[in-house]
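Work through the exercises below with the sequence and the model at hand. Each task is followed by a stepwise solution.

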Amino acid sequence: MRATKLFTPLVLRGVELPNRVLISPMSQYSAIDGLVQDWHRFHTAGLARGGPGCAMIEVAAVTRDGRGTPGDLGIWSDDQIPGLAQLAQIMNTHGVVPAIQIGHAGRKASTGRPWEGNRPLALSSAELSWETTGASPLPVQEGWPAPRALTTDEVSGLVESFRAATTRAVSAGYRLVEIHAAHGYLLHSFLSPLTNKRQDQYGGSLENRMRFPLLVAAAVRDALPADIPLSVRISAVDGIEGGWELADSVVLSRELRALGVDLIDCSSGGIQAPATVGRGPLAVKRGPGFQVPFAQAVKQEAGIATIAVGLIVDPEQAEAILTKDKADLVAIGREALHNPNWPLHARLALQADPDYSAWPEQYGWWLKRRPRILLE
C-alpha cells in the first residue's frame, strides 16, 4: 500500500476530513420553493458512497430573491432545515464531512435552468421572474435586464441574512460552511471594479469594494461555533481588462484570514459570463488544472489554506497538486458526476487501497475477488 497526500487526513479547527478530496457544490436546479427533493437525496448518496473526505451541498440561497433559478436550494427559512439535515445525515452515514455553500445570486438571479436556456426569466417567463439586485445597475450582458442597486440598509440586511443562514446550516448538521463570493454573483459584483460603480462606502477603492463581503464573512464566522471551519469561494481573477486581479485576491484573502476564515476556494471568472469564461487577451483558458496557480499564489502569498478546483480529473494530477504544496484540498466537480466513485478509483490508481478496503463492504468484498474471477 502506497502512502499518498491525497488520502491523508486534514484537520480544520475541530473537524477532521478523512482525506483531501472535496466534492464541489454543483447546483441540481431541482428544488421546489428552495426545499430539498428526492433527487437531492439520491444525488448526495451517490457522491457520498464514492469516498470523498468532504462533500459540499450546492449553493443555498440566503433569501428567496437570491436564488439563481426557481430550482435553487434555499436556506432563508427554518422550513428548509429538515431537508438540508437529511443531506448532511446521508454524508455522515458514509463517513463524509458534510459541507454547505451559501450565497446570493445578485444580478444573475431570476434566470432559467441551464437546460432551459439559462436566460433571464424576465425575457421569457415574466410571470415567474423576480427583481434582481446588485452593487450597481449594470446588466450581466447586453440584452439582460439591469439590476437595481442595493441601498445601504439593504446591504446591512443581507449581512444578517447570511448570519441567519449560517445558524440554519449549523442546526442542519453541517461541519463546514462556504460563502459564495465568486462567478459574478452578489458578493463578487461588489468586489469587481467592472460591476461596482458605487459612490458610497461600498464602492470606489479596493478597501470599500471589499467592505460588504468582509462584513458577511465576519457575520458568518460569528454565527459559527469555534470548531467549525469557514471557507470562501472567490473568483481569483475576472480575466477581463480593468477587472479583479490575482493581487486583489491575495489582499482579500489576507483580510479574510484575519477574520477567522480557514479556506479560500479558488475559482475564476463569471463577472460578465458563465464561470471560468472570460473575453479578450486576459481570458482564463481552460485546461487540466488551469486554476491551480491561483490556489498556489493565494496559499503562498496570503498564508491561508486553499482549495484547488477546475478540470482536476486525474489521480496523479491531484496527488501532485498536494505534494507540491500548491493547495490543501482538491475539489472534484463534473468528474464526480461522470464517475461518482472517483475518490475510490483514485485510491486504486495511486495504489493506496489495493484490496478495496476503503469501498463500502457491500461492494468491496466482491470487487477484491473480481480480478481472480476474470482470470479463471
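**Exercise 1.** Classify the packing of helices α6 and α7 from their angle, then describe the contact.

Solution.
1. In this predicted model, α6 and helix α7 (residues 246–258) pack with their axes 11 Å apart and at an angle of about 40°.
2. Angles under 35 degrees count as roughly parallel, and 65 to 115 as roughly perpendicular. The angle therefore makes α6 oblique to α7.
3. The handedness of the crossing of α6 and α7 is right-handed.
4. On the α6 side the contact is formed by L206, M210, L214 and A217, which meet D248, V251, L252, E255 and L256 in α7.
5. By type, the residues of this contact divide into 7 nonpolar, no polar and 2 charged.

**Exercise 2.** Find which residues have the most contacts inside the largest nonpolar core, and which helix gives the most to this core.

Solution.
1. The largest nonpolar core has 85 residues, and L6 and F212 have the most contacts inside it.
2. Helix α6 (residues 206–223) gives the most to this core, with 7 residues.
3. Beyond its neighbours within four places in sequence, L6 is in contact with residues including V21, P315, L322, W342 and L350.
4. Another core, of 16 residues, lies apart from the largest one; among its residues are L10, L12, V15 and L263.

**Exercise 3.** Decide whether V292 is buried or exposed, and place its surroundings.

Solution.
1. V292 is found in helix α8 (residues 292–302).
2. Buried means under 20% relative accessible area. V292 has 6%, so V292 is buried.
3. Not counting residues up to four places away in sequence, V292 touches A308, I312, I321 and K326.

Technical notes
Residues are numbered from 1 along each chain as its sequence is written. This is a predicted model: local features need pLDDT of at least 70, side-chain atom pairs count only at pLDDT 80 or more; totals for chains, interfaces and linings use all residues. Side-chain values use heavy atoms; hydrogens and water are left out. Helices (H or I, at least four residues) and strands (E, at least two) are DSSP runs, numbered from the N terminus. Buried means under 20% relative accessible area, exposed over 50%, partly exposed in between (1.4 Å probe, protein chains only). Contact means heavy atoms within 4.5 Å. A nonpolar core is a set of buried Ala, Val, Leu, Ile, Met, Phe, Trp, Tyr and Cys residues joined through side-chain atoms within 4.5 Å. Axes are lines fitted to C-alpha atoms, for helices over the stretch in contact, and angles run from 0 to 180 degrees between N-to-C directions. Angles under 35 degrees count as roughly parallel, over 145 as roughly antiparallel, 65 to 115 as roughly perpendicular and the rest as oblique. A crossing is left-handed if the near helix is turned anticlockwise from the far one by less than a right angle, and right-handed if clockwise. Ala, Val, Leu, Ile, Met, Phe, Trp, Tyr, Cys and Pro count as nonpolar, Asp, Glu, Lys and Arg as charged, and the others, Gly among them, as polar.
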